[in-house]
Amino acid sequence: MNLRSFIPFFDPSVQEWSLEARLLRWLTLLWLFVGLVVLFSASYPVADTNFADGLYYFKRQVLWGIVGLLAFSIIVNTPLRFMLGTAHWWVMILLCLILATLVPGLGTTAGGATRWLSIGPIPIQPSELIKPFLVLQSAKVFGHWDRLSWSVRFSWLGVFGLMLVGILLQPNLSTTAFCGMTIWLIALAAGLPYLYLGGTAFAGILLATISISLQSYQRRRIMSFTNPWADAMGDGYQLVQSLLAIGSGGTWGSGFGLSQQKLFYLPIQYTDFIFAVFAEEFGFVGSLLLLLLLMTYGTLALIVSMKAQNILHRLVAIGVMILMVGQSLLNIGVAAGVLPTTGLPLPLFSYGGNSMIACLVAAGLLIRVARESSEAEVLPLQDAKPKTQRRRRGATRSYP
């Protein structure tokens with residue numbers, strides 16, 4: 001085994017990859033690099049004030065990035081068949097961890113929500129880590145839907161439902177909604193009957209409505225989203241400050257490191273609202289370039305999905321596109337005031353080791369699909385010639 005294969009920048013097998021796989025690899029590394037640069041700027045003032053170390057968050061994000069890149073390298077060099085075969089175990093393990101956060105004394109509470117488990121000094125957020133494995137298992141279930149018995153179908157639908165309820169009870173409506181939409185869109189891509197899709201969509205909307213009616217802070221978020229200026233110093237404060245940051249960027253931005261809103265005006269500027277800092281410092285042009293990167297990544301993901309000959313591979317590619325590009329657009333939409341305020345991070349930008357690892361694992365899965373799709377087009381042609389020759393030789397011996 002060549003250990004260099006597990007170092008993303010020195011993997012000798014890259015030259016043998018398909019064009020889509022190589023482009024996705026470089027886009028992922030570029031995305032990660034830009035995210036680290038933006039996080040450095042966005043987190044420096046608050047880290048310097050709170051920890052007397054402006055690099056506090058940045059150094060930890062770099063360490064998580066190294067761990068994520070190691071997982072990324074393992075995934076791109078592991079057969080997708082193996083990943084699909086073990087996905088159900090990962091889903092079940094992480095589901096148990098999600099439910100463990102609800103047990104008093106086990107879950108760690110921050111910001112009014114109990115979403116983490118502490119393993120020594122390491123915080124684990126299972127609702128983030130489960131996302132790439134949820135894509136794998138959803139692809140396996142819905143890709144083989146016609147072959148499964150109703151008992152197996154109901155079993156996995158029950159597991160998915162229990163996971164969504166567990167995340168919702170933390171409470172974490174935004175992650176619940178996003179995971180639910182990811183499962184639903186993969187089912188749609190798999191061609192499930194519209195009757196099933198319509199029923200689950202109705203159930204999801206009903207569940208969200210019940211949650212909003214029971215949680216006062218969620219109702220306030222919805223109300224403040226419609227008119228944040230009505231309570232600019234209260235419930236609308238985050239969105240107002242985010243809009244001020246984006247508007248202050250102008251065409252070219254204020255310049256790297258020169259954001260004013262990150263100086264304790266904009267809350268959680270290094271996580272949920274990091275795009276506002278990016279837009280202020282890099283302006284309208286920088287924001288367009290970021291959207292171009294997302295559009296390019298999404299387009300390549302669609303090309304990979306269309307080239308995939310295996311239905312499961314196709315659904316995995318679509319699921320990863322939703323996870324990476326869809327979540328990014330939702331985060332940007334929140335920061336720009338297009339969507340209600342949520343707690344979804346911006347992939348590879350927002351501070352958080354769990355999100356970093358989950359996103360790099362997902363990116364590795366997409367690249368693995370691209371690699372296997374290109375290899376699948378070549379292998380049958382290589383195998384065909386020896387079989388034909390053997391058949392002809394056998395015919396010659398039988399009929400001299």
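These legends accompany close-up views of a predicted model.

**View 1. The whole chain, with 12 helices and 3 strands.**
The protein has 400 residues, and 47% of them are buried. Its C-alpha atoms fill a box of roughly 95 × 45 × 40 Å along the principal axes. The radius of gyration is 23 Å, close to the 21 Å from the globule rule for 400 residues, so the protein is as compact as a globular protein of that length. Contacts across the sequence are plentiful in the count: of those with a separation of 6 or more, 71% join residues 24 or more positions apart.

**View 2. Helix H1 against helix H2.**
H1 spans residues 19–51, and H2 spans residues 56–76. Their axes lie 6 Å apart, at an angle of about 150 degrees. Angles over 145 degrees count as roughly antiparallel, so H1 is roughly antiparallel to H2. On the H1 side, the contact is made by Thr28, Leu29, Leu32, Leu36, Leu39, Phe40, Ser43, Val46, Ala47, Asn50 and Phe51. H2 contributes Tyr56, Tyr57, Phe58, Gln61, Val62, Leu69 and Phe72. By class, this contact has 14 nonpolar and 4 polar residues. Charged residues are absent from it.

**View 3. Segments annotated as transmembrane region.**
The annotation comes from an unreviewed UniProt entry. It covers residues 23–42, 62–80, 87–107, 150–169, 176–195, 285–303, 315–336 and 348–367. Two of these segments are described here. Over residues 62–80, the chain is 84% helix and 0% strand. The end C-alpha atoms of that segment are 27 Å apart. Over residues 285–303, the chain is 100% helix and 0% strand. Its end C-alpha atoms are 27 Å apart.

**View 4. The loop between helices H5 and H6, with Pro171.**
H5 covers residues 150–168, and H6 covers residues 173–190. Pro171 sits in the loop between them. The peptide bond joining Gln170 and Pro171 is cis. Its omega is about -10 degrees.

**View 5. Thr176 in helix H6.**
Thr176 is buried, with a relative accessible area of 7%. Leaving aside residues up to four places away in sequence, Thr176 touches Leu164, Ile167 and Leu168.

**View 6. Phe264 and Ile268 in the loop between H9 and H10.**
H9 runs over residues 237–248, and H10 over residues 274–307. Phe264 is not a glycine, yet has a positive phi of about 70 degrees. Ile268 is not a glycine either, and has a positive phi of about 35 degrees. Ile268 is partly exposed, with a relative accessible area of 33%.

**View 7. Leu294 in helix H10.**
Leu294 is buried, with a relative accessible area of 2%. The cut-off for buried is under 20%. Leu294 touches Trp31, Val325, Ser328, Leu329 and Ile332, not counting residues up to four places away in sequence. Phe154 is 140 residues from Leu294 along the chain. The C-alpha atoms of this pair are separated by 35 Å.

Technical notes:
Residues are numbered from 1 along each chain as its sequence is written. This is a predicted model: local features need pLDDT of at least 70, side-chain atom pairs count only at pLDDT 80 or more; totals for chains, interfaces and linings use all residues. Side-chain values use heavy atoms; hydrogens and water are left out. Axes are lines fitted to C-alpha atoms, for helices over the stretch in contact, and angles run from 0 to 180 degrees between N-to-C directions. Helices (H or I, at least four residues) and strands (E, at least two) are DSSP runs, numbered from the N terminus. Angles under 35 degrees count as roughly parallel, over 145 as roughly antiparallel, 65 to 115 as roughly perpendicular and the rest as oblique. Contact means heavy atoms within 4.5 Å. Ala, Val, Leu, Ile, Met, Phe, Trp, Tyr, Cys and Pro count as nonpolar, Asp, Glu, Lys and Arg as charged, and the others, Gly among them, as polar. UniProt positions are given in the numbering used here, feature names are shortened, and annotations may be inferred rather than shown by experiment. The radius of gyration is taken over C-alpha atoms; the globule rule is 2.2 Å times the number of residues to the power 0.38. Buried means under 20% relative accessible area, exposed over 50%, partly exposed in between (1.4 Å probe, protein chains only).
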